[in-house]
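Colleague: I would like to go through the labels put on this chain and hear what each one rests on. Please begin with the terms for exposure.

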Amino acid sequence: MAKASSEDRLWMASALALARRGLGRVAPNPTVGCIIVAEGRAVGRGWTQPGGRPHAETEALHRAGEAARGATAYISLEPCSHHGKTPPCTDALTAAGVARCVISCEDPDPRVSGRGIAALRAAGIEVEIGLFAEEAQELNRGFFLNKLASRPLLTLKLATSLDGRIALASGESKWITGEAARARAHLLRAGHDAILVGAGTALADDPRLDARLPGLEDRSPLRVVLDRRLRLPHGHDLVSRARDRATLLFTAPGHSDEELAPYRDGGVEVVEAASTTDESDFPETVLQHLAQRGLTRVLLEGGAQTATAFLQAGLVDRLEWFRAPMVIGADGLSGMAALHLESLLQAPIFQREDLEQLGADLLERYRREAA
Ligand code: AOF
Ligand code: ZN
């Protein structure tokens, strides 16, 4: 975008903040924010609603009513132009009489991808594109990856001591990080479509994998457990509560119906990851399957073997690393398994985005460095 006024920047930043509200609630759709501005005042605000619909523009236009005529719409993603489950937002913007649209970036969905912008221009609406494009793409990175690379965004969450240990040798791990960090970890869950763990962690920690924060209970994501060898006991919470909380179990092919029945009867959806002949392509197969189901944001919560398998496959996009001011020592359990690197050049490298103090702990957030 050639010339963005400070006013344009302010409104688009607000549209992005609105969009953020939908993270973890809108898959398979992207989360979008829209603000309709008339004579320097916001007359309608909207963001993508849970489940992905209504779209942000519909919401904002509904609130603006007649005030949208001649107004500017700030939208954090190109408006849709296709007849999907809802009519095109470009039609709604045109019918409402919006005069100008400021859009941050193009929608990668092949049904839209430039056509939304073209439709608006064809209707005589002034369109500017590119304001905060990078931020907007980053916000919907999971949706972009789903559309362009057939996999969701994968974020690895770790809670360790200063020396990277997740438990004592005895297995004791409650609690390494403090209350504020644990509350933040639940908030992190609420912003994802699924939480993924390996069977080892499911057995050791008995995690419930829900978002236990007041007001966010209904935002608990899909539970996903990787269990190639069907080690998960039938009485485990992940099985026994599968009727209340959607749970997916990925296993290797070749198990008998009798072996799978107790899981399926409990309400677990069992997926035999068909293409896996050995363990190495398991991570990729799992993510492809999750992408096909429309998932865009997956949080990986360990353990070490599972985290390392995804890391080795180059599939960890982000790290959310909670670090407690405590030293456990080399006899503690490491958050990572062996990587067998022969040279530092092979080490996965991340770029730190920010650092936040949570009580006595730190939250370090990293993004994988582009190869
Ligand atoms: C918008 N505003 O808030 C969102 C959009 O299945 P449908 O009909 O909901 O269409 C889904 C597609 O719409 C999705 O793949 C993406 O291209 C776009 N999402 N578009 O104008 C929104 N969430
Ligand atoms: Zn739309």
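Modeller: A residue counts as exposed if 12 or fewer other C-beta atoms lie within 10 Å of its own, as buried if 20 or more do, and as partly exposed in between. The model is a predicted one.

Colleague: Why is His 340 called buried or exposed, whichever it is?

Modeller: His 340 has 8 other C-beta atoms within 10 Å. The limit for exposed is 12 or fewer, so His 340 is exposed. Its place is in the loop between β14 (333-334) and β15 (350-358).

Colleague: What is the phi of His 340?

Modeller: The phi of His 340 is positive, about 55°, although the residue is not a glycine. Most residues other than glycine have a negative phi.

Colleague: Leu 230 is also not a glycine and has a positive phi. What makes Leu 230 partly exposed?

Modeller: Leu 230 has 17 other C-beta atoms within 10 Å. Buried needs 20 or more and exposed needs 12 or fewer, so Leu 230 is partly exposed. Leu 230 lies in the loop between β9 (222-226) and α9 (237-240), and its phi is about 50°.

Colleague: How do you know whether Gly 335 is buried or exposed?

Modeller: The count for Gly 335 is 20 other C-beta atoms within 10 Å. The cut-off for buried is 20 or more, so Gly 335 is buried. Gly 335 lies in the loop between β14 and β15.

Colleague: Which residues does Gly 335 touch, leaving out those up to four places away in sequence?

Modeller: Gly 335 touches Leu 158, Thr 160, Gly 164, Ile 166, Ala 304 and Ala 307. Touching here requires C-beta atoms within 7 Å. Between Gly 335 and Thr 308 the C-alpha to C-alpha distance is 8.8 Å, at 27 residues apart in sequence.

Colleague: Why is the chain said to be as compact as a globular protein of its length?

Modeller: Its radius of gyration is 23 Å and the globule rule gives 21 Å for 371 residues; the two are close, so the chain is as compact as a globular protein of that length. The C-alpha trace spans about 65 × 45 × 45 Å along its principal axes. Buried residues are 44% of the 371. Of the contacts with a separation of 6 or more, 71% are between residues 24 or more positions apart.

Colleague: What makes β11 and β15 edge strands?

Modeller: Each of them pairs on one side only. They belong to an open sheet of nine strands with mixed pairing, in the order β11-β10-β9-β8-β12-β6-β13-β16-β15. Neighbouring strands of this sheet are turned by 20° against each other on average, direction ignored.

Colleague: How do you know that β13 and β16 pair?

Modeller: Pairing takes at least two bridges, and β13 (residues 318-323) and β16 (residues 361-368) have six, in the antiparallel sense. Arg 318 stands opposite Arg 367 in β16.

Colleague: Which peptide bond next to a proline is called cis?

Modeller: The bond joining Ala 27 and Pro 28 is cis, with omega about 10°. Pro 28 is found in the loop between α1 (6-20) and β1 (33-38). The bond from Lys 174 to Trp 175 is cis too, with omega near -10°, and Trp 175 lies in the loop between β7 (165-167) and α7 (179-190). Most peptide bonds are trans.

Conventions. Residues are numbered from 1 along each chain as its sequence is written. Chains are lettered from A and ligands numbered from 1 in the order in which they are written. This is a predicted model: local features need pLDDT of at least 70, side-chain atom pairs count only at pLDDT 80 or more; totals for chains, interfaces and linings use all residues. The radius of gyration is taken over C-alpha atoms; the globule rule is 2.2 Å times the number of residues to the power 0.38. Two residues are in contact if their C-beta atoms, placed from the backbone, lie within 7 Å. Helices (H or I, at least four residues) and strands (E, at least two) are DSSP runs, numbered from the N terminus. Axes are lines fitted to C-alpha atoms, for helices over the stretch in contact, and angles run from 0 to 180 degrees between N-to-C directions.
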